[in-house]
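This briefing walks through a protein model by topic, beginning with its sheet and going on to its cores and cysteines. Please keep the sequence and the structure in view while reading.

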Amino acid sequence: MKSLEQLCRKNIWELAPYSSARNEYAGREAHVFLDANENPYNQPYNRYPDPLQLELKAQLSKVKGIPADCIFLGNGSDEAIDLPYRCFCNPGQDNVVAIEPTYGMYKVCADINDVEYRPVLLDEQYQITADKLLAATDDHTKIIWLCTPNNPTGNSLNRDEVVKVIEQFEGLVIVDEAYSDFASQRSLRFDLAKHPNLIVLNTMSKAWGCAAIRLGMAFASKEIIGLFNKVKYPYNVNALTQQQALEALKRPIDVEEWVKVLIQERTRMMQAFAELPICEKIYPTEANFFLAKMNDATRIYNYLVDRGIIVRNRTRVQLCQNCLRITIGTKSENSELIAALRQY
């Protein structure tokens with residue numbers, strides 16, 4: 001890969017980051033805090049949170065098997081998606097390559113940051129070809145985006161092709177593993193030492209059932225994480241989020257059980273959909289959702305909305321015409337959806 005300095009925007013590489021009051025005394029004991037213009041009353045909510053989330057990262061390090069200094073925490077995964085653009089992509093000059101269809105925020109952040117977004121269509125099995133992705137790059141391509149299991153298709157990308165992209169691309173490869181807890185593939189975060197240009201994203205929103213607290217994470221080399229910490233807002237993860245995440249991490253057995261039940265329900269739902277006359281195809285999935293091709297997705301979607309049942313209509317997404325994306329809910333929610341579709 002190119003050196004990190006070559007990939008980084010010059011102004012970011014030379015940036016003197018904001019130094020928060022909490023950073024300046026880090027590592028030393030203190031009990032009187034008169035440095036940050038905080039109100040001394042209404043404890044504990046009167047104090048700014050730990051800007052680097054050190055306690056939370058220490059616990060995540062144990063759960064995820066990644067050194068704490070190789071973890072970035074953000075306000076949802078969306079912050080971890082936006083930061084690479086801000087750190088590495090010169091507006092109006094650089095570009096990124098991504099698969100299509102995939103999660104829409106990669107393109108939204110590209111558009112916000114004035115970075116050219118180059119989508120490369122998946123094949124009919126929703127799979128990638130490394131050579132096709134690499135052919136879309138040029139000297140100004142800073143990032144290749146991959147999502148596996150992919151959203152909205154649900155399938156895991158071919159691991160050999162993913163590794164080929166990582167090994168042959170001179171820029172950064174960002175692999176979004178938001179749904180990896182439901183998949184059979186080994187996480188790529190365990191291969192960071194082999195691939196210095198790799199960034200792996202994950203989230204507390206899916207398997208951990210914590211979408212409301214908005215906590216996303218990125219795993220990468222400590223040098224890349226250092227750049228993210230340099231550019232992020234000083235107190236980007238609030239104290240309530242940090243506290244709730246620490247509580248959630250105490251219950252990994254609950255998460256294992258949730259994942260097990262959701263995978264069982266996924267199988268049941270896919271079998272039920274396959275028996276519906278209005279369903280034409282069920283696509284393979286390793287996520288907590290599946291994609292189903294219907295005979296009239298928009299009409300069926302509106303029918304369900306009228307009954308207070310909300311799914312995702314993906315018919316306007318490339319390669320997903322007449323497709324609905326179905327998230328796996330509780331057994332009773334899933335049964336209500338099937339009952340409604342049987343009456344359609």
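Strand β6 (residues 198–203) and strand β7 (residues 215–219) pair in the antiparallel sense over four bridges, where two strands count as paired if DSSP finds at least two bridges between them. The model is a predicted one, in which local features need pLDDT of at least 70 and side-chain atom pairs count only at pLDDT 80 or more, while totals for chains, interfaces and linings use all residues. Residues are numbered from 1 along each chain as its sequence is written, and side-chain values use heavy atoms, with hydrogens and water left out.

**Sheet and packed helices**

- L201 has A218 of β7 as its bridge partner; helices (H or I, at least four residues) and strands (E, at least two) are DSSP runs, numbered from the N terminus.
- Helix α4 (residues 54–64) packs on the sheet through contacts (heavy atoms within 4.5 Å) with β1, β6 and β7, and its direction makes about 115° with that of β1; axes are lines fitted to C-alpha atoms, for helices over the stretch in contact, and angles run from 0 to 180 degrees between N-to-C directions.
- Helix α8 (residues 159–168) also packs on the sheet, where it touches β4 (141–147), β5 (172–176) and β6, and its direction makes about 150° with that of β5.
- The sheet is open and mixed in its pairing, with seven strands in the order β1-β7-β6-β5-β4-β2-β3, and its edge strands, each paired on one side only, are β1 (71–75) and β3 (116–121).

**Nonpolar cores and burial**

- The largest nonpolar core (buried Ala, Val, Leu, Ile, Met, Phe, Trp, Tyr and Cys residues joined through side-chain atoms within 4.5 Å) has 79 residues, and those with the most contacts inside it are L146, M204, F273, F290, L304 and L337.
- Helix α11 (residues 252–274) gives the most to this core, with seven residues, and apart from this core lies another, of 33 residues, among them F72, A80, V96 and I143.
- Helix α5 (residues 76–88) is mostly covered, with 11 of its 13 residues buried, which here means under 20% relative accessible area, whereas exposed means over 50% and partly exposed in between (1.4 Å probe, protein chains only).

**Cysteines**

- The structure holds zero disulfides, a disulfide being a pair of cysteine sulfur atoms within 2.5 Å.
- C147 is in no disulfide, as the nearest cysteine sulfur, that of C320, is 13 Å away, and C147 is buried, with a relative accessible area of 1%.
- The sulfur of C89 is too far for a bond because the closest cysteine sulfur, in C87, is 9.5 Å away, and C89 counts as buried at 1% relative accessibility.
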